[in-house]
Amino acid sequence: MPELPEVEALRGFLEERLAGRVVRRVLPLAVSVLKTYDPPLTALEGGRAGPVARYGKFLDLGVGDLHLVTHLARAGWLRWHDTFPARPPGPGKGPLALRVELEEGGGFDLTEAGTQKRLAVYVVRDPREVPGIARLGPDPLAEDFDRDAFAALLAGERRQIKGVLRDQSVIAGIGNAYSDEILHTARVSPFKLAASFDEDQVTHLYRAVEDTLRTAVERARGVAAGQLKAEKKSGLQVHGRAGEPCPVCGDTVRSVSFADSSLQYCPTCQTGGKPLADRRLSRLLK
């Protein structure tokens with residue numbers, strides 16, 4: 001799933017190519033993709049593209065007085081085209097979900113692999129009309145997201161820290177991969193209760209959040225959309241690397257599986273050398 005660093009890179013990529021250009025046509029190619037009906041997609045046609053914004057994992061393309069907002073979900077992606085074939089694609093052809101064509105040629109496709117169709121597109125007058133954006137917590141890269149603001153989010157939070165970091169209503173933009181990376185950098189168990197952090201541990205975790213995300217954003221900056229997935233994977237230390245040696249200590253990276261996801265961690269770096277039980281209600285093995 002694209003997370004904050006990749007979506008931020010896509011934002012910059014699109015803004016560089018779209019600013020000031022006129023939208024010629026918007027083609028919905030998957031029935032499931034469009035989540036709004038007023039204004040219609042056709043209201044974007046003839047509009048001039050403006051700034052591209054990011055809200056957590058949401059991309060917001062301004063077109064005239066309207067906003068084309070998308071969430072790529074788990075298997076969605078964006079493909080840029082300098083030119084399109086003269087004949088438009090038919091609905092239901094492969095992974096294509098939505099196409100945006102520009103007056104002078106080119107544009108982009110939104111695609112979604114797999115059978116679970118979760119990619120979402122909204123046409124709204126204000127991005128806050130999108131329910132997922134309205135529920136978002138603070139952005140961890142915002143200027144006012146300091147150590148004290150982070151501490152306030154953890155105070156009284158009785159959930160495990162892995163789940164708190166992934167909760168978009170608490171902090172916007174962090175998903176499964178970067179929560180694994182943050183916790184590995186901070187040398188924290190994913191199952192430690194958020195409210196149990198002392199002052200020094202909160203500071204250490206806050207720095208891990210900032211360092212991990214800002215480093216990933218810098219790595220992704222300027223990378224073409226088609227290369228962002230590979231760039232993300234190459235920079236990960238533990239996520240998706242179960243069975244491989246930890247790059248910090250050399251211990252074997254372990255995994256815990258859940259119904260629809262999994263997490264990866266290093267026992268030596270994060271859990272005092274003890275492996276976590278691989279079941280849904282995991283806890284340290286005794």
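**Exercise 1. The crossing of two helices**

Determine the hand of the crossing of helix 1 and helix 6 in this predicted model, and describe which residues meet there.

*Solution.* Step one is the hand, and the crossing of helix 1 and helix 6 turns out to be right-handed. Step two is the geometry of the pair: the axes of helix 1 (residues 4-18) and helix 6 (residues 199-220) come within 8 Å, and they cross at roughly 35 degrees. Step three lists the partners, with Leu 4, Pro 5, Glu 8 and Ala 9 on the side of helix 1, and Leu 213, Ala 216, Val 217 and Ala 220 on the side of helix 6. Step four sorts these residues by character, which gives 7 nonpolar, no polar and 1 charged.

**Exercise 2. Cysteines and disulfides**

Find how many disulfides the whole structure contains, and explain why Cys 246 is not paired with Cys 266.

*Solution.* Begin with the search over the whole structure, which returns 0 disulfides. Turn next to Cys 246, whose sulfur has that of Cys 266 as its closest cysteine sulfur, at 3.8 Å; because a disulfide requires the two sulfur atoms to lie within 2.5 Å, this separation is too far for a bond. Cys 269 is likewise in no disulfide, and the nearest cysteine sulfur to its own, again that of Cys 266, is 3.6 Å away. Finally, consider accessibility: Cys 246 is buried at a relative accessible area of 3%, and Cys 269 is buried at 5%.

**Exercise 3. The surroundings of Arg 99**

Decide whether Arg 99 is buried or exposed, and identify the residue with which its side chain makes a polar contact.

*Solution.* First place the residue, since Arg 99 lies in strand 6, which covers residues 96-102. Its relative accessibility is 6%, and Arg 99 therefore counts as buried, the limit being under 20%. The side chain of Arg 99 is joined to that of Asp 109 by a polar contact of 2.6 Å. Once neighbours within four places in sequence are set aside, the residues in contact with Arg 99 are Arg 25, Val 26, Leu 27, Leu 29, Phe 84, Pro 85, Pro 89, Phe 108 and Asp 109.

**Exercise 4. Backbone exceptions**

Work out which peptide bond involving Pro 39 is cis, and where Ala 73 and Arg 187, each with a positive phi, are found.

*Solution.* As a starting point, most residues other than glycine have a negative phi, and most peptide bonds are trans. The bond from Asp 38 to Pro 39 is cis, with omega near 5 degrees, and Pro 39 belongs to the loop between strand 1 (23-28) and strand 2 (49-55). Ala 73, although not a glycine, has a positive phi of about 55 degrees; Ala 73 sits in the loop between strand 4 (66-71) and strand 5 (76-81), where it is buried with a relative accessible area of 7%. Arg 187, also not a glycine, has a positive phi of about 60 degrees; Arg 187 is located in the loop between helix 5 (176-186) and helix 6, and at 47% relative accessibility it counts as partly exposed.

**Exercise 5. Locating Leu 136**

Establish how far apart Leu 136 and Val 253 are in sequence and in space, and what surrounds Leu 136.

*Solution.* Leu 136 belongs to the loop between helix 2 (131-134) and helix 3 (147-154), and with a relative accessible area of 19% Leu 136 is buried. Leu 136 and Val 253 are separated by 117 residues in sequence and by 32 Å in space, taken C-alpha to C-alpha. Excluding neighbours within four places in sequence, Leu 136 is in contact with Tyr 55, Gly 56, Phe 58, Gln 168, Ser 169 and Ala 172.

Key: Residues are numbered from 1 along each chain as its sequence is written. This is a predicted model: local features need pLDDT of at least 70, side-chain atom pairs count only at pLDDT 80 or more; totals for chains, interfaces and linings use all residues. Side-chain values use heavy atoms; hydrogens and water are left out. Buried means under 20% relative accessible area, exposed over 50%, partly exposed in between (1.4 Å probe, protein chains only). Helices (H or I, at least four residues) and strands (E, at least two) are DSSP runs, numbered from the N terminus. A polar contact is a pair of N or O atoms within 3.5 Å; within protein, one must be able to donate a hydrogen and the other to accept it, and residues adjacent in sequence count only if both atoms are side-chain atoms. Contact means heavy atoms within 4.5 Å. Axes are lines fitted to C-alpha atoms, for helices over the stretch in contact, and angles run from 0 to 180 degrees between N-to-C directions. A crossing is left-handed if the near helix is turned anticlockwise from the far one by less than a right angle, and right-handed if clockwise. Ala, Val, Leu, Ile, Met, Phe, Trp, Tyr, Cys and Pro count as nonpolar, Asp, Glu, Lys and Arg as charged, and the others, Gly among them, as polar.
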